[in-house]
Amino acid sequence: MTVKLVVLYTHPADPAAFDEHYLGVHGPLVQAIPGLQRFETGRFEGALDGGEHSWYRIAELYFADRSTMDAGFASPEGQATAADYGNIAPAGSRMFVETVDG
């Protein structure tokens, strides 16, 4: 069953520098993870419900199943991606594993 790693990034201190690193360095690292089927990322523009705009960027990484995702992150490419996340993710950023229903 398809699983998706959803990464929510809080607002960085320097959005331009964050985006430059994210799109130029981190994104290519993500795309090299073995077993990755699809990678999407984007910036939030606002909250339609009028609530707090707490997230800056989202990333969605699709894998065939949980074991494929786990193997991908255990690989050297996955470890490099995780290390870079640790370096760039603003405090309060979060990662969730989602089982895709359809």
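**View 1. Thr81 and the residues around it.** In this predicted model, Thr81 is in contact with His26, Leu29, Val30 and Ile33, leaving aside its neighbours within four places in sequence. Thr81 itself lies in helix H3. Is Thr81 buried or exposed? Its relative accessible area is 4%, which is under the 20% cut-off, so Thr81 counts as buried. Look also for the place where the side chain of Thr81 reaches the backbone oxygen of Leu29, at 3.2 Å. Leu29 therefore appears twice in this view: as one of the contacts of Thr81 and as the owner of the oxygen that the Thr81 side chain reaches.

**View 2. The open sheet and its four strands.** Here 4 strands form an open sheet, and their order is S2-S3-S1-S4. The pairing is antiparallel. At the edges you will find strand S2 (38-43) and strand S4 (94-99), each of which pairs on one side only. From one strand to the next, the twist averages 15 degrees. What holds such strands side by side? Strands of a sheet pair through backbone hydrogen bonds, either parallel or antiparallel. Helix H1 (residues 15-31) lies across S1, S2 and strand S3 (57-63). Relative to S2, helix H1 runs at about 170 degrees.

**View 3. Strand S1 and its two partners.** Follow strand S1 (residues 3-9) and compare its two pairings. With S3, strand S1 pairs in the antiparallel sense over 7 bridges. With S4, it is joined by 6 bridges, and these two strands also run antiparallel. Which residue of S3 is the bridge partner of Lys4? That partner is Tyr62. Towards S4, Val7 stands opposite Met95, while Leu8 stands opposite Arg94.

**View 4. The two covered faces of S1.** How many of the 7 residues of S1 are buried? The count is 7 of the 7, so the strand is largely enclosed by the rest of the structure. In a regular strand the side chains alternate between the two faces of the sheet. You can trace two sets of residues along S1: Val3, Leu5, Val7 and Tyr9 on one side, with Lys4, Val6 and Leu8 on the other. Both faces are covered, and the residues of both sets are all buried.

**View 5. The buried face of helix H2.** Which residues of helix H2 (residues 66-74) are buried? They are Met69, Gly72 and Phe73. Seen down the axis of H2, these buried residues fall within an arc of 90 degrees, so they line one face of the helix. Turn to the other side of H2 and you meet Ser67 and Ala74, which are exposed. What covers the buried residues of H2 includes S1, S3, helix H3 (76-88) and S4.

**View 6. Aromatic rings around Tyr9.** The structure holds 6 aromatic pairs. In one of them, the rings of Tyr9 and Tyr22 have their centres 5.4 Å apart and their planes at 75 degrees. An angle over 60 degrees counts as edge-to-face, so that is the name for this pair. The pair links distant parts of the chain, with Tyr9 in strand S1 and Tyr22 in helix H1, 13 residues apart. Tyr9 counts as buried at 1% relative accessibility, and Tyr22 counts as buried at 1% as well. Tyr9 also forms an aromatic pair with Tyr85, and this one is tilted: 5.8 Å centre to centre, with 55 degrees between the planes. Once again distant parts of the chain are linked, because Tyr9 is in strand S1 and Tyr85 is in helix H3, 76 residues apart. Like Tyr9, Tyr85 is buried. Now step back to the wider group: ring pairs link Tyr9, Phe18, Tyr22, Tyr56 and Tyr85 into a cluster.

**View 7. Phe96 on an edge strand.** Phe96 lies in strand S4, which is one of the edge strands of the sheet. At 35% relative accessibility, Phe96 counts as partly exposed. Which residues does Phe96 touch, not counting residues up to four places away in sequence? They are Lys4, Leu5, Val6 and Leu8, and these four belong to the buried residues of S1. For a sense of scale, the C-alpha atoms of Phe96 and His11 are separated by 18 Å, and these residues are 85 apart along the chain.

Definitions and conventions
Residues numbered from 1 in each chain as written. Predicted model: local features only at pLDDT ≥ 70, side-chain atom pairs only at ≥ 80, totals over all residues. Heavy atoms only, no water. Pairing = 2+ DSSP bridges. Axes fitted to C-alpha atoms, helices over the stretch in contact; angles between N-to-C directions. Contact = heavy atoms within 4.5 Å. Buried < 20%, exposed > 50% of the residue type's maximum accessible area, 1.4 Å probe, protein only. Arc of directions from axis to C-beta. Polar contact = N/O pair within 3.5 Å; in protein donor to acceptor, adjacent residues only side chain to side chain. Phe/Tyr/Trp six-rings, centres within 6.5 Å; stacked < 30°, edge-to-face > 60°.
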